Every structure is written in C-alpha cells, then in structure tokens.
Amino acid sequence: MGMAVVEFFKQCEQSGDAAYAAFKSLLEKLEDPLTRTEARVFLSDIQAQGGFSDDCFERYHFRFQDIHLDRNEGYHGRKKLTMMVIPSIFMPEDWSFTFYEGLNRHPDTIFKEKTVAELGCGNGWISIAIAEKWLPAKVYGLDINPRAVKVSWINLYMNAFDEKGQPIYDAEKKTLLDRVEFHESDLLFYCREHDIQLERIVGCIPQILNPNPEAMSKMITENASEEFLHSLSNYCALQGFVEDQFGLGLIARAVEEGIAVIKVTGIMIFNMGGRPGQGVCRRLFERRGFRVNRIWQTKIMLQAGDTDISALVEIEKNSPHRFEFFMGLSGDQPICARTAWAYGKAGGRISHGLSVYSCQLRHPNQVKVIFEFLKSGFQEISSSLDLSFDDDLVADEKIPFLAYLASILKDNSCFPYEPPAGCKRFRNLIAGFMRTYHHIPLTSNNVVVFPSRTAAIENALRLFTPRLAIVDEHLTRNLPKQWLTSLAIESAETGLSEDVVTVIEAPRQSDSMIELIKRLKPQVVVTGIANFEAVTSSAVMQLLYATKQVGSRLFLDISDHFELSSLPGTIGVLKYLSGTPLPSHAAILCGLVKNQVYSDLEVAFIISEEETILKALSKTVEILEGNTSLISQNYYGCIFHELLSFQLTDRHPHPERRSEKSESVDVIGFASSATSVLDNAELTISDDGHSLVHMDVDQWFLPVPSPVKAAIFESFARQNLTESEIDVTPSIKQFVKTEYGFPTDSGTEFIYSDCLQALFSKLVLCCIQEGGTMCFPAGSNGNYVSVAKFLKANIVNIPTNSDQGFKLTEHILNQALETVKKPWVYISGPTINPTGLLYSNQEMESILSACARFGARVVIDTSFSGLEFEYGGWGGWNLGSYLSKLSSSGNPSFCVSLLGGLSLKLLSGALKFAFLSLTEPLLIEAFHTFPGLSKPHCTDKYTIKRLLALRENKGGMLDVVTEQIRILENRAKRLKEVLESCGWSVLRPCGGISMVAKPSFLGRAVKLNQSLKHTGGGEMDEIKLDDASLREAIAKTTGLCINSGLWTGIAGYCRFTIALEDSEFKQALACLLKFKSIIDN
C-alpha cells in the first residue's frame, strides 16, 4: 500500500489530528473496491502491532477494542466486534453498554427487516451490532461529529471484512455494508432531508446538566479541535425545550424530530439517566403522545471529576422538584441533588439510575399532524402541550381533536363563513351518525344547531310563545324565572294574557306527563324520557299520541341517553324513528355534554322533518344567539367524524319507514311578533348551492394572526387549567379602563357569553321587565333592532341627520326622549356600526348628559371599536371623567352598561367572546332572572386572557393589529372608489369593518333575471329597486349579500362589511361592477 505499519504509527504519534488524518487516508483506500482488500489487511497488521493496548491510545491517539455481543448458548452469530476509537469521539462505556443490554431485551423481531436510525452513533458500534444481530433492512448511524462518522465507516469496513480482506456474509448472504450507512447529521436532519421514513429510532444521547449556549456557536468541521469535537458529542447547548432545565432538552428535540419521520407503527428506544427522576423521564415522552415502557434499568457511578451537579442543586433550591441519586451502587433509597452533592464532597461515591425506555405513539397520525403544526411557526407553545392521559377514552377524544384543530389553524388563514343554523360539516356529521348508528334517514337539512340545550328550549318557546307549556322538571333550571313563577294558568286558558309564557314543571315519567297533558292541554311540551322507559318505544308513542290529541307541539329531549360511542345504547325514540317518520308536531332535542374532557363544553341540536319548523328555528337562533361557537362545533364534529371514519358508507340499506297517513294537526303556530320579524328581518340568504360573498355579517374573515392561532391551540393543548388562568375579569377591567376610561368598582359585575346578541337579548328582556322602551338611533345595528322586535319590546326609532353623519346629538336626544317612558338608549361607539364613523369624547359627554337628564339606561356597544384608521384628532374616550358626575347629578335611574365583543379587537375570527359590564344593582338582579345564557368555554377564557396580555406588550400583537387596520383602511378606500364609480353616494368611514352608501338608482324600475344560473335569454322580472327589493336583487343576480336601508334604519343607505378574505373582497368588487352593468343594460 506504500505505507509501512511503522510509518503509520509514527504519523499517529505526532498528534491526535495527525492520527485522524492517517486513518482518514486509510478510509479512502477502504472505500475504493480496488484497494479495499489491501487496506483491510493493513488494519489487521496495525491491530497485531499493539493497537489494542492502553498505551496505544495515550501514545498514538487511537486504540482498538473488542466488544462482546452475546454469550447466550442459542446465539449463532458473531460473538464480538472489533472497534477503533480516537480522542475526539465518545468511547463505548457504561451508558452505551446499558443501552445495548436494553435493546437485547426486545424480541428478535424488533429490528428484523426494519429501517433503523441510531442518533449519536459515536464510533458506530451499536449500529453495527444491530445490523449484525437482528438483520435490519437498513441502519443509519447518525452523528453531528464529522470525525465520529469517519471512524464509524472504518469500523464498518473492519467488521464487514475478515482479516484477509474477504467479505463476511450473514444468513441472508449480505454483508454489513449492505445494511449500514453512517452520515454526519444533527440528530435526524439527514433522514428528514432525504425523506427517509423510519421504523425504529434508537439513541444513547447525553444529558447535559448545565447546558452551555456558547458551545454550538463555532462552525462544526472535522478540522476543529479535539476538545470541541468531544464536547460537541454532548450537544452542549440549550435546545429551547422545557426539559432543558433537567438536561433533557436534546432528547426532547430528538423525540420531536423523530415524530416527523417515524412510521405509524414505529418504536423509539432511548437510554436515559435517572438523575431528573423517573417521573420526569417518562413525562418527556408521555406529554408528546407516547406510550412508554421501561425495559431495562441499572445504576452507574457518577464521575465526580467529570460531572458537576451544582446546577441541579440550584434548581432544587428554586423549585419543588427533587432529582434522584443514590449512595453507591448498592443504595436503594433515592437522595436529592443537594444531599448527593454534600455526600460527594465528603468523599462518598454517588450513582444514578440508567434506564432504557421503549415508546410508541398511541395516535401516530394525529400526533404527527400536531407536531407538524407546531413546527410551522408555533414552537413556542410546545411546552404547553400535554398528551399524557391516564384514561384512554380521554386520549381517544382529545388527541384527534387537537390534530384536527392543528390542521385547520395551519391550512387556513381564516375561519370560513358558516350559516347560523350550524356549520354544514357538523350538521352533515350529525345526520351521518344518525343514519349509520341509528338507521334514521336524515340529512343536514333536518338539523339546526344551538349553543346549548337551554338556549334551544328557550328559543323554541319564544318562537311559539305558548300561553302554557309543560316542561320536564330536569330542564327548567335555566329558564326565565318569570315563566316559572307565573300563576296565570286561568288566563292561559282564557287567552287574556297572550304575551305571558307560563311554564309548568312536570315529572319525567311518561304516565304522569301524559296525565298533565290531558288535563292542562298545553300548547308546547318539552320533556325527556325516564331511564327505565328510554330503551323501548312505547313511552314515546304514547307521548306522541297524547300531544297530538290535544294539539301540543312536542320536543323530546334525548340528551341523557345519547352516547357518542361506536356501540351506542338503544334509544326508544330513535328506534321508533328508524321505522317511522317524525310527526309534524314533534321534534327531537339533544344537548351534547357527554364528552370525556370538558364538562363545560356544550352544543345542542334539534331534529325535525318539518321544513317550516326547521327554517323558523334556524332564523330564531340567528336573531337571539347569532352563531354557535364554531370551535365547539368542531370539537363534537371531530368525535362524530372519528366514529364515522371507519364505517363503510351505506353498508346496510335503511329499512323501509312506514308511511303513515298525514293527518292535519291543529297546533300552535309561531308568535305573531316572531312571524313578522322572521319574514322581514334581513337574515342569512340561502346559498341554494351557489357560492355567496357575505358583506352582510359582522365577522372577521381576514387572516387570523399567528399569536391568535397559538393562543387558541394552547388553550386546548393544556391540561388542568387553573382558575387564575381562566379568570378574565381583571384583564377585562383593565381593558375597558385603558380603552374607554370606563370606571369599575366592587359593585361592578361582568357577565360573559360567547355571543353578543345573547347578551343583548337579556338586556332587552330586562328592559321589558321594568316597562322600559328601547331607543335606537337611525343608523344602528339592524340585528339588535330585530332582537328587540322579536322579544316584543317597546321600540322608539330616533331620527338622525345625514349632515351629521347619522350620529346622535344632545339636541336630537332632548327632543326624542321628551315623551319616552323609561328610556333605554342603545349607542354604538366609539366606532359606530354600521357607518364606521366615530363619536368623540366630547360628543359622548353631551349625549350622556342628555340621557342622564331623562334617567335613561344607556347601553354602549363597543364591540365594533378598536380598529380606527382615521383619527382626525379623535383622542379616544375617557368615560370616567364625567360618568361619576352625571350619575350623582342626574336622574337616579340613569346608568351606563358597557357591551363589548373581543373577536374583532383581537382579530380572532371564529373565537367569539362577549362581555357586559353592569353597575346598577337593580339591573344586575333583573339580569340574573334570565339565566339561560351560553357561557364561554374555559379554553375561550384562557385564550382571551392570553391575547389581552399580549396587547399590553409593545410590538407583537399590537404590530399585527396595526397592519390589519392598514388593510381595512385600504379596503375602505378601494370600496369607496368602486361604489362611487357605480353610482353610489358613500359615507366615508373612520374605522371598524363596515361602511354605508346610497345608490343613485333607487326608485328605478328594471328588468332582472333573478338567478345566478342565468346565462342570457329567458324571462325577465321587472322590479322597482328600493330598500325592500335591492338586497335580494343584488344577491340573486351577482351572489353578493349586503344589508339594505331596512337593516341600517337609514332610508336608502346600504351597509357593506369589508373584513373579507382577500379573494372574496375582490369578488365583491366585481359583483358591484356586474350589478351596475346589469341595471345599465
């Protein structure tokens, strides 16, 4: 080979670098098939000349050693491997030997024909041993130290060929070269870059007690110093994980990188020192979704000269955590780091446990999705992730939801528009579950979604406003107290008091309920089924017959019996419906509360086969509740999806349902006030299969910022949220003080809901209860006006003037309130919805002064504020500077309530959170007589508190809000230009997400083909464009939904919202141009 053994030793003797250079040259010969045999023989000669001696390592900077693999009688493979080491890499020692012993405890099939990666392979002996004993398909030995990789290759060639340079074949006629590769790689970087999917990941990774952030700052090259390369094997750097404090950060990073490349049936096996304690070691894996099995444990002595545990003593000093050491190898009682440190200083020998853990993902596909999301810019919340569950049922529910939530947040810039009747996907899943598990042929059109069971019951009763209703005693707890305390049964029979709903509580047993139905003849019955009657259909059939006979509408509650399970129990009413259509006078009510994780997470739905009822209920929930929480629907939707995902579609044909002769049943219709509102209010336009652009909803469709997505995900990823973490009141108090100068004290009560309209509905009911009159300025939120009309409140519309931007003034109020009894004045501000103009602090002071003179109760709606872009010396509000003076000097009935929503201010899209601040004791008492309020879930509160805290910090969230405001300003300008080019007169907004404009073509008679399917030709309808027809005409001809002057309360002025997804905003502008073209032609 041109190099004598003696010369080789002389070169190695010069230095460690010289020895490495000599072996690197030898590796080049080994890699060349033409010189490989000669090079392998030369290695044998080096070994024969003393390469195994301890003196060789000290003098020549290398050494060979034999590692004995298996002494079992049944093992027929190679008994030992010969390995070379150099000073700049780790040498095989107790850690790696214990690790190999742990691997040996697995069955022989553990690596057979598998693709394996070893992390931190050092000189490669474990990778080679795995290949030798278990015959895997491929082993990738990975190490960040480039010299370790070169030495590993030399060891591979040395063991793949015998002393004469001839290949050594295994039982499958392959050599180690066929099974093993070594690569320079920071943990699993090589596998990720080359898209290598692994079935096994093993690692004997160091645990650094005191990570040094400077250790990784140097450029990693094979020419670096031996000391640096040796320390590199320790990865002496903080890894950015909560486990860093225990020296486990590197293992944590390895595990998370492994999740991305491990196959679904894959297994990870890691060697871990027990210093942090077995609980901490196990939790590292469990909180990332692994099932953990400790397969081997021993003890090793702590090298006192090499390991400093003073950092652990500091951690114990500042936290309740205790590390785990032992006195000597025979000690069996653990001692803490402080005791171990003192014992060691006194000359004692300290040991710690060394364990081998085998772990496997329990929901591999879903956990992969979760960590893919975290790696896409949300790594900072990974420390909050906790996928460890004592109960498998909890894990089976929560992990799939977190994966679904992660995919939504990662793949969607915003949350899409969903109809108030419920998310289409969710309603489809409910119907699919009913078809598959209960064999009832339903579609999504048979389902209406509500925030809660209580909301569904109250909404249904308000829709019909029966003079007498019988309600199951288990379902009355959150109904209005006035309904439950009314004694107007006689007037209910005679019809003298048709506006009063009287609710009679009744026992759940069917015989008692039926007796009451026959005697009292109620117009509506709401009841569940007793447990002992729930399985059969007989009680259901009797209830259906009894209510039909007396003309009652029946709502059957199945909440207590409805199981989200792949083996749901039999429910008599659903068994009945699988063979018989639901009668027109009956509907099924179900509250979903039986999840395994969150006791306060509720969604409800009503099922009916009567289209008229479904449409009316859908409109009622839109008016009184707004939209049911999309995330709550997604949570239960995920459970339904998991239960349906493994089912074959329509495997069993649905049984023929008996077609009973439809008989006309004389039952109560909708309340007259409800009918008027349902017919005339501008509610959701049905898409009829066409894509519509919604400029008629107060929702946020611009991209949801990363901090918001992070907070939403973290709220669900966390376990065991504490009361202080979800107590939003201190944050809300600070928010209203900072934003509006609104004063609060110990008597101020904050009430929360997941919907603004629900809070406003309760305020309207308080107004009605005390005989007040709701006063709306022309140019108010049309949704709120519809609420007041639906609830039959006394209403006064206060005229406003165009030259003042349709804003309230002190003069206008003085005139309007002169004749109003007990006025309740609604004000939208500082940013006014719908106009987008601003009330200044001075304007607000004069308005409230007028209200105080008349003793008005004022509701200030701030929910559309916080996104101002044209201040013009506005300067914000400071309500506290004059409210206390007005309260003391004005009429004693004067008070101000602050209504607010944070979904717009925090740019949170689907996350809905509303608050109401009440200061008047009598009003607080009245409000609590209407308890049926859908409350925000604990995760919502956690998210809101986190986001409000972020708003307090400079940069970050505030920068995002500033950028989104700039987008809104540009949108407003662009929309104004397009509208004016199309003949609209625009009122220029100063902030918020909406603006108003008046078309010049009102009053014109035009011929339109009112169908989006129109392609030319066909019959045309002539209509007169006015406030009553304009919205429908634009929607049907262009697909654009806006609000007309009937909604804004300003004759001729339509409202447009601008917080749309970018492509939809462009489509909206195109629709306006299209409509102009249509009317021009």
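Contact here means heavy atoms within 4.5 Å. In this predicted model, that criterion gives a helpful view of the surroundings of Arg-427. Leaving aside neighbours within four places in sequence, Arg-427 is in contact with Pro-419, Ala-421, Gly-422, Ser-444, Val-447 and Val-449. The residue itself sits in helix H17, which covers residues 424-438.

The charge of Arg-427 deserves a closer look. Although buried, Arg-427 has no salt bridge. Glu-418 provides the nearest side chain of opposite charge, at 6.2 Å, and a salt bridge requires a side-chain nitrogen of Lys or Arg within 4 Å of a carboxyl oxygen of Asp or Glu. Two backbone oxygens do come into play, however, and both belong to residues already met in the contact list. The side chain of Arg-427 reaches the backbone oxygen of Gly-422 at 3.0 Å, while a polar atom of that side chain lies 3.3 Å from the backbone oxygen of Ser-444.

Turning to the internal space of the model, the count comes to 11 cavities of 30 Å³ or more. The largest cavity holds about 570 Å³ of space. Its lining is made up of 34 residues, and those nearest the centre are Gly-626, Asn-627, Asp-698, Gln-757 and Asn-783. Three elements each give two or more residues to this lining: helix H24 (611-624), helix H30 (756-769) and helix H31 (782-790). Of these, H31 supplies the largest share, with three residues.

Note on methods:
Residues numbered from 1 in each chain as written. Predicted model: local features only at pLDDT ≥ 70, side-chain atom pairs only at ≥ 80, totals over all residues. Heavy atoms only, no water. Helix = DSSP H or I, 4+ residues; strand = E, 2+ residues; numbered from the N terminus. Buried < 20%, exposed > 50% of the residue type's maximum accessible area, 1.4 Å probe, protein only. Lys, Arg positive; Asp, Glu negative; His and termini not counted. Polar contact = N/O pair within 3.5 Å; in protein donor to acceptor, adjacent residues only side chain to side chain. 1 Å grid on protein atoms, 1.4 Å probe; cavity = no way out; pocket = protein on both sides within 12 Å on 5 of 7 lines; lining within 4 Å. Points joined across faces, edges and corners; volume = space filled by probe spheres on them.
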